[in-house]
Amino acid sequence: MLKNLCTSAIILFLISSHFLVFAQEGLDKIVNPKTNGTGYVSNADHILSNETVAKLNALIKPLNENGKAQVAVVLVNSIGDQVPKDFSTALLRKWGIGDRKKNNGLLILFVADQRRIEFEVGYGLEGLLTDLTCQRIQQGLMIPYFKKGDYNSGVLKGVELVVETIDTGIDQSLDEDNLYPELGWVLFQDILFFLVYIGAYSAYTTSQRGQYVVHSASGWWVPFLLFGPLIIVSVVALATPIFVMWDLFFLISYCCWSVFFSFAIGNMLASEPVGETRVQQYQYLKLMVWGFTVYAVLFPLPFLIFKYIGAKRRLRKLRYTPYQSPDSGAEMVLMKKNRALELTDKEQMEEKLGSVSYDLWEAGEGDPVMKLAYLNQNTKIRRCKKCLSITAKKTKRIVESKATTKGEGIASVYYTCQICGKSDFINQPISRKPQLNIFKGMFAAGLASSGDSNSSSSDRSSSSSSSSSSDSSSSSSSSSDWGGGSSGGGGSGSSW
């Protein structure tokens, strides 16, 4: 066992050493602004203007002089194939940004060709500059400018908010007024997009072709209706410099769909039910109410929930408003006692199985009892072919042929009538199995995307495992003008 532990430790050491050496490749090519005499900003590729660099140095200098933090801003066109997170961690340790005891260093790395901004936070600042705070500053303030190609404003605005957060000790990213430039224009764009989308979709679904698709597509159009805007906006956000505020986008999406469903479904619930008798009208309206329950729960406002409640009241009125006796004209009442005397064995069994419910109305002695049958439209009980009662209950299911990725399977489902005992079966198709390799590819792509857009826990663990060897090397290679600080991989990054 000891031998296995030693082997595992050696393997972990070699892996962590590999990551450390790989991340440190190219670090010497980065101009250290302290040794170069340019303050706190490394701008060798001239990504920022000289005016912006001067403003950044003026912002950062007081933090260093007051001992609150040491901040370095590095802008490069490329770091090759290296991961910005690993690169920023190694660079902060190599330079020793931050006080050796406080570890209050912050490295802001901008990589142009990877369209990536990284905040590498020292141990001492992790309580204030959390991963979530870093992401809010990046995505809510810096990236909107980066998408427009305005790197000067993006970096300057982001550093201003970081400096204010460190200087005051208060997370300034929590104040929405500090984030999301041009909020009014973005809001207008999102609302306009949804109005156009809903209008176009409504026009299509009410057309002759659209009605055919809606009624023959087995409901596939419903998820497209809900997720279509998300797919379209995601493609636009990736393919163009348009900035998307995703939290605002989802809020507007929800509000727009709530209004749409309130009108579309609300009008259907308020329409006159189809049917010549009250029983037929009740069955029609009940099926509609059952189908729209999920929408009423998910999108209750502004008035769908009220339309839904109104439809439920109409159901009670259709079923329980007293009838007039066809013989005497007297008002009938719903029979609650001695019901078994008026129901046959078949009807009692149907009620017991929940396939049919019966309402019995009586007016008095001498008047016949009115019997009304209400079918359970969602029952799994089938009608018996012999006695014609809805009392055939499922007893077993046998798979005749299994479903594969290339075709459906078939199962024989057996039913037995609870009245006459007749057994019967139906052939039921089994859905074709999904292509697992497709889902594996999607899952792998999702992992790659997640790793590219946000700092992962593995980044931090690999950085922490190599911190001891990195700290020792940084003390000998870092400039004396920095404080000899280190980092455990805290901070976060974002892409645009």
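Thirteen is the number to start from, since the count comes to 13 aromatic pairs in this predicted model, where rings of Phe, Tyr and Trp (its six-membered ring) pair if their centres lie within 6.5 Å, with planes under 30 degrees apart counted as stacked, over 60 as edge-to-face and the rest as tilted. Because the model is predicted, local features need pLDDT of at least 70 and side-chain atom pairs count only at pLDDT 80 or more, while totals for chains, interfaces and linings use all residues. Residues are numbered from 1 along each chain as its sequence is written, and side-chain values use heavy atoms, with hydrogens and water left out.

**First stop: two tryptophans**

Select tryptophan 95 and tryptophan 482, whose ring centres are 6.3 Å apart and whose planes meet at 5 degrees, so the pair is stacked. Tryptophan 95 belongs to helix 4 (residues 84–95), whereas tryptophan 482 sits in the loop between helix 17 (467–477) and strand 11 (490–495), so that distant parts of the chain, 387 residues apart, are linked by this pair; helices (H or I, at least four residues) and strands (E, at least two) are DSSP runs, numbered from the N terminus. Tryptophan 95 is buried at 3% relative accessibility, and tryptophan 482 is buried with a relative accessible area of 4%, where buried means under 20% relative accessible area, exposed over 50%, and partly exposed in between (1.4 Å probe, protein chains only).

**Second stop: an aromatic cluster**

Next, select phenylalanine 261 and phenylalanine 299, whose ring centres lie 5.0 Å apart with planes at 45 degrees, so the pair is tilted. Phenylalanine 261 is in helix 10 (residues 246–270) and phenylalanine 299 is in the loop between helix 12 (293–298) and helix 13 (304–320), 38 residues apart. Phenylalanine 261 counts as buried at 4% relative accessibility, as does phenylalanine 299 at 8%. Extend the selection to Tyr254, Phe292 and Tyr295, which form one aromatic cluster with Phe261 and Phe299.

**Third stop: strand 11 and its partner**

Now select strand 11, where five of the six residues are buried, so this strand is largely enclosed by the rest of the structure. Strand 4 (residues 116–121) runs antiparallel to strand 11 and is joined to it by six bridges; two strands pair if DSSP finds at least two bridges between them. One place to look is arginine 116, whose bridge partner in strand 11 is serine 495.

**Fourth stop: an open sheet**

Move to strands 5, 6 and 7, which form an open sheet in the order 5-6-7 with antiparallel pairing. Strand 5 (333–334) and strand 7 (370–375) are the edge strands, each pairing on one side only. Two bridges join strand 5 to strand 6 (residues 356–362), and valine 333 stands opposite glutamate 362 in strand 6.

**Fifth stop: helix 5**

Select helix 5 (residues 131–147) and look for a kink of about 35 degrees at leucine 141, shortly before proline 144; the bend at a residue is the angle between axes fitted to the seven residues ending there and the seven starting there. In helix 5, 13 of the 17 residues are buried, so this helix is largely enclosed by the rest of the structure. Glycine 149, which follows helix 5, has a positive phi, near 85 degrees.

**Last stop: the whole chain**

Finally, show the whole protein chain, whose secondary structure comes to 17 helices and eleven strands, and in which buried residues make up 40% of the 496 residues.
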